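The following exercises ask the reader to work through a protein model by inspection. Each task is followed by a solution that proceeds step by step.

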Amino acid sequence: MATKVLMPQLGESVTEGTISKWLVNVGDTVKKYDSLAEVTTDKVNAEVPSTVSGRVTEIVVPEGETVAVGTLILYIEESGAEGGAVAVAPASTPETTAPQVPVTEQPKAATPAVSIQQAPVVDGPKQRYSPAVVMLSQQHGIDLSRVVGTGAGGRITRKDVQAIIDAGGQKPAETVKETVAQAPVAAVEQSTVVSTPTPSAPASTPAVSVDIPVASGDQVVPVTSIRRTIANRMVQSKHEAPHAWTMVEVDVTNLVNFRNQAKGEFAKKEGLNLTFLPFFIKAVVEALKEYPMINSTWAHDKIIVKKDINISIAVATEDALYVPVIKHADQKSILGIAKAVDDLAARTRAGKLTMDDMTGGTFTVNNTGSFGSVLSQPIINAPQAAILSVESIVKRPVVINDMIAVRSMVNLCMSLDHRVLDGLICGRFLQSVKQKLENVGPDTKLY
């Protein structure tokens with residue numbers, strides 16, 4: 001018998017992956033746990049192992065294609081078994097779901113563009129919609145009976161509805177199809193479905209294509225799978241979480257002086273540089289203990305306040321941005337945080353992060369000041385409820401006791417999910433971080 005190999009869930013909140021390279025060909029014999037393919041996600045690069053021993057009979061998903069977690073990617077005929085590959089089940093067959101993600105089967109190939117179709121309705125069997133699709137369509141006045149789905153068996157996905165919203169909303173009934181050039185994106189929906197009858201409608205009219213012109217001399221840069229995944233997650237975050245933004249400025253003159261005095265001995269003793277980032281993370285962690293609601297996530301019908309404080313940090317490489325996690329940051333000293341930051345940054349740039357390194361984050365600290373930024377509005381790292389950007393430390397004249405003095409100042413910029421958090425609690429949280437940073441001095445403990 002043929003065994004189906006599905007796209008695994010490579011990390012918390014990962015909903016899709018890209019087959020960056022197949023390590024086997026049709027006809028190859030593999031053993032259990034042999035690597036079948038290299039998969040790229042927005043969180044980690046990993047290899048998909050074989051779950052059985054046998055012969056590869058069919059590769060379903062080509063290299064470079066992005067598919068949802070749980071999607072069929074390969075058939076393996078187990079050793080000693082007879083017969084060919086198992087046929088793909090029709091769309092009306094009930095779906096088998098992996099944890100939190102439905103197991104769906106995608107078409108074997110994807111075209112370079114995704115068609116946003118607003119199609120006429122014909123009489124036929126009842127269409128099934130996920131709760132996410134129904135909710136989004138109701139919020140934006142989308143008539144699902146006029147939408148042609150790109151999912152398995154023509155099923156309408158959340159991506160199909162969102163694409164119509166991004167294109168300016170649903171057109172009048174006589175305009176039935178628009179095609180927007182973009183990379184194919186796999187959508188993941190909850191497994192619960194509802195049934196909605198499909199009324200009839202008039203026939204369709206020709207499609208209208210919308211293209212972005214490329215002038216002579218323009219450089220066309222292909223979108224990598226990592227860049228596409230980052231783009232999709234950022235768009236998802238902005239669409240789903242109502243972002244609000246707030247900022248405080250902090251006088252870190254004492255922190256700068258203390259760090260400058262301690263960094264030489266610290267480097268000699270510990271073998272790594274003492275940067276400012278561990279001090280900021282330590283202050284954030286202590287403030288999260290005082291305001292645990294900041295350390296939470298929106299879960300549709302409830303808010304989950306996380307017990308562990310795991311700080312995500314943004315680490316940039318030449319072609320992508322990764323967000324590894326400092327686990328149990330509240331249990332670490334400034335030295336412990338400094339070592340964790342140094343280790344994660346080094347392994348990120350060396351491409352040696354594991355799935356565990358990329359999962360479990362509850363709050364993100366983004367060091368935008370490392371490249372000179374003084375003011376930014378970060379996008380929330382879903383499903384977290386907030387993110388803090390630490391801007392560049394600059395010397396500015398400020399008024400102290402009615403006198404002008406030159407001080408080292410830094411802006412702390414915070415974006416928050418307004419479904420979970422309000423300005424009051426975030427303002428108090430930032431004031432707590434500010435106070436802790438301004439109180440750094442000779443008595444501050446590094447160990």
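The exercises below concern this predicted model.

**Exercise 1. Strand β24 and its surroundings**

Determine how many residues of strand β24 (residues 386–390) are buried, and examine the two faces of the strand.

Solution.
Step 1. Burial is assigned when the relative accessible area is under 20%. Five of the five residues of β24 meet this criterion, so the strand is largely enclosed by the rest of the structure.
Step 2. In a regular strand, side chains alternate between the two faces of the sheet. One side of β24 carries A386, L388 and V390, while I387 and S389 are on the other. These residues are all buried, and both faces are therefore covered.

**Exercise 2. Pairing partners of β24**

Identify which strands pair with β24, and state in which sense, parallel or antiparallel, each pairing runs.

Solution.
Step 1. Strands of a sheet pair through backbone hydrogen bonds, in either a parallel or an antiparallel arrangement.
Step 2. Strand β23 (residues 363–366) pairs with β24 in the parallel sense, over three bridges. Within this pairing, V365 has L388 of β24 as its bridge partner.
Step 3. Strand β26 (residues 403–417) pairs with β24 in the antiparallel sense, over five bridges. Here I387 has S415 of β26 as its bridge partner.
Step 4. The loop between β23 and β24 contains P383. The peptide bond joining A382 and P383 is cis, with omega about 5 degrees. For comparison, most peptide bonds are trans.

**Exercise 3. An open sheet**

Establish the order of the strands in the four-stranded open sheet, and find its edge strands.

Solution.
Step 1. The order is β1-β8-β6-β3, with antiparallel pairing.
Step 2. The edge strands are β1 (2–6) and β3 (29–30), each of which pairs on one side only.
Step 3. At the β3 edge, two bridges connect β3 with strand β6 (residues 54–59), and the two run antiparallel. T29 stands opposite R55 of β6.

**Exercise 4. The environment of A283**

Locate A283, decide whether A283 is buried or exposed, and list its contacts beyond its neighbours within four places in sequence.

Solution.
Step 1. A283 belongs to helix α5 (residues 277–290).
Step 2. Its relative accessible area is 5%, so A283 is buried.
Step 3. With neighbours within four places in sequence set aside, A283 is in contact with V433, K436 and L437.
Step 4. A283 and L430 are 147 residues apart in sequence, yet their C-alpha atoms are 9.9 Å apart in space.

**Exercise 5. Positive phi values**

For Y33 and H300, give the phi angle, the location and the exposure class.

Solution.
Step 1. Most residues other than glycine have a negative phi.
Step 2. Y33 has a positive phi, near 80 degrees. Y33 lies in the loop between β3 and β4 (35–40), and its relative accessibility of 61% makes it exposed.
Step 3. H300 also has a positive phi, near 70 degrees. H300 is placed in the loop between β17 (296–298) and β18 (303–305), and its relative accessibility of 62% makes it exposed.

**Exercise 6. Cysteines**

State how many disulfides the structure holds, and whether C413 and C426 are buried or exposed.

Solution.
Step 1. A disulfide is a covalent bond between the sulfur atoms of two cysteines. A search of the whole structure finds zero disulfides.
Step 2. C413 is buried, with a relative accessible area of 0%. C426 is likewise buried, at 0%.

Key. Residues numbered from 1 in each chain as written. Heavy atoms only, no water. Disulfide = S-S within 2.5 Å. Buried < 20%, exposed > 50% of the residue type's maximum accessible area, 1.4 Å probe, protein only. Pairing = 2+ DSSP bridges. Contact = heavy atoms within 4.5 Å.
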